[in-house]
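Reader: I am new to this structure and should like to understand the terms applied to it. May I put some questions about how those terms are justified?

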Amino acid sequence: MKKLTFIFLIITFVLTYAQGVDVSQLLNASKPSSVVAQPYIIRATLVPGSSEGVYTIGVEGYLDIFGLNLSLGTTVEYPNFELNQPVYVGLGISTSRLFVALSSNVPNFEQISDLSAYETPTVAFGIASYKKTSFLFASWSRFELSFENRGVFKKQDGQFVLNDSLDWLNATVNFKVESCDVGYFLFRFTVPSLKDVLGGSFTYTWELALPVSMIYVYVGQPGNNDWVFGLGIANSFFNAVGKYNVQTGQVTWIVSAQM
């Protein structure tokens with residue numbers, strides 16, 4: 001009873017004082033390395049919107065058909081529910097644990113078949129895998145080691161062509177392990193720029209979530225070297241977390257569900 005009361009107080013505090021997160025964090029379809037090897041078919045996320053009483057909802061679907069991966073997602077605002085937000089599309093090919101994938105976005109659903117309306121896609125390749133089980137209780141886990149480059153393609157006369165002056169070092173490397181069985185665990189380590197590393201500037205971001213039964217403790221430096229602490233609750237299909245940025249004093253929260 002004391003544990004449930006504590007969780008309720010934490011959630012109430014977060015919902016009262018939280019501000020929103022970047023919309024791109026809502027959709028895995030917006031990141032090419034996240035459009036393969038996912039343990040869900042449908043995923044939804046919720047964060048506070050830009051004004052009081054308004055919430056942003058992210059909705060996306062994922063399919064893996066014999067190694068061909070498709071991810072499609074967009075956001076809507078509650079209570080408006082206007083489908084005029086960018087649509088994120090991800091395509092990938094995976095064999096065993098190896099994959100290559102890309103993702104891009106188009107201004108709205110009406111232009112989804114117009115290739116010239118898409119932003120220049122980001123490409124990723126590497127290793128990704130997941131395991132999922134429903135024996136005794138539902139659980140899943142996912143591993144990713146990826147290399148991501150935004151300059152593989154360029155737009156020329158409304159069409160996408162390979163970039164003949166591609167800088168392979170202008171890329172991001174991401175290592176991520178995530179699982180949820182008796183509790184939620186996350187470790188992510190990202191090097192935003194290989195070029196900076198070779199130039200003597202080793203910058204990185206990281207996140208860690210450690211489970212304590214259904215509750216988990218979050219700590220990390222997800223960006224700008226700011227320290228962020230948080231507390232969440234999760235099971236195999238639901239995750240809610242509130243985070244506090246020590247440097248800015250900002251409180252954010254995000255709720256997600258998947259099946």
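Reader: Why is Glu-60 called buried or exposed, whichever applies?

Author: The model is a predicted one. Within it, Glu-60 has a relative accessible area of 3%. Buried means under 20%, so Glu-60 counts as buried.

Reader: What makes the link between the side chains of Glu-60 and Arg-43 a polar contact?

Author: The two side chains come to 2.8 Å of each other. A polar contact requires a pair of N or O atoms within 3.5 Å, one able to donate a hydrogen and the other to accept it; the pair of Glu-60 and Arg-43 is therefore listed as a polar contact. The side chain of Glu-60 also reaches the backbone nitrogen of Asn-28, at 3.0 Å. Glu-60 itself is found in strand β2, residues 55–65. Beyond its neighbours within four places in sequence, Glu-60 is in contact with residues including Leu-26, Tyr-40, Ser-71 and Gly-73.

Reader: How do you know that Ser-103 is buried?

Author: Its relative accessibility is 4%. The cut-off for buried is under 20%, so Ser-103 qualifies. Ser-103 lies in strand β5, residues 98–106, and its side chain reaches the backbone oxygen of Ser-30 at 3.4 Å. Apart from neighbours within four places in sequence, the contacts of Ser-103 include Ala-29, Pro-32, Val-89 and Thr-122.

Reader: Why is strand β16 described as largely enclosed by the rest of the structure?

Author: Strand β16 covers residues 251–258, and 6 of its 8 residues are buried, so the description follows.

Reader: How do you know that β16 pairs with strand β15?

Author: Two strands pair if at least two bridges are found between them. Strand β15, residues 238–245, is joined to β16 by 7 bridges, so the requirement is met, and the two run antiparallel. Val-241 stands opposite Ile-254 in β16. The two strands form a hairpin with 5 residues between them, and Gly-249 in the turn has a positive phi of about 75°. Strand β1, residues 42–48, is likewise antiparallel to β16, with 4 bridges; there, Ala-44 stands opposite Ala-257.

Reader: What makes strand β13 largely enclosed?

Author: Of the 7 residues of β13, residues 215–221, 6 are buried, so the rest of the structure largely encloses this strand. Strand β12, residues 205–212, pairs with β13 in the antiparallel sense over 7 bridges, and Pro-211 stands opposite Tyr-216. Their hairpin has 2 residues between the strands, with Ser-213 in the turn at a positive phi of about 60°. Strand β14, residues 228–234, is joined to β13 by 6 bridges and runs antiparallel to it; Phe-229 in β14 is the bridge partner of Val-219.

Reader: Which residues have the most contacts inside the largest nonpolar core?

Author: That core has 14 residues, and those with the most contacts inside it are Leu-26, Tyr-184, Ala-209, Tyr-216 and Ile-254. A second, separate core of 7 residues includes Val-36, Phe-99, Ala-101 and Ala-124. Leaving out residues up to four places away in sequence, Ala-209 touches Tyr-184, Phe-185, Leu-186, Tyr-216, Val-217 and Tyr-218.

Reader: How many helices and strands are there in the protein?

Author: There are 2 helices and 16 strands. Of the 259 residues, 41% count as buried. The accessible surface comes to about 14,600 Å², of which 63% belongs to carbon and sulfur atoms.

Note on methods:
Residues numbered from 1 in each chain as written. Predicted model: local features only at pLDDT ≥ 70, side-chain atom pairs only at ≥ 80, totals over all residues. Heavy atoms only, no water. Buried < 20%, exposed > 50% of the residue type's maximum accessible area, 1.4 Å probe, protein only. Contact = heavy atoms within 4.5 Å. Areas by Shrake-Rupley, 256 points an atom, 1.4 Å probe, with all protein chains shown as cover. Core = buried A, V, L, I, M, F, W, Y, C linked by side-chain atoms within 4.5 Å.
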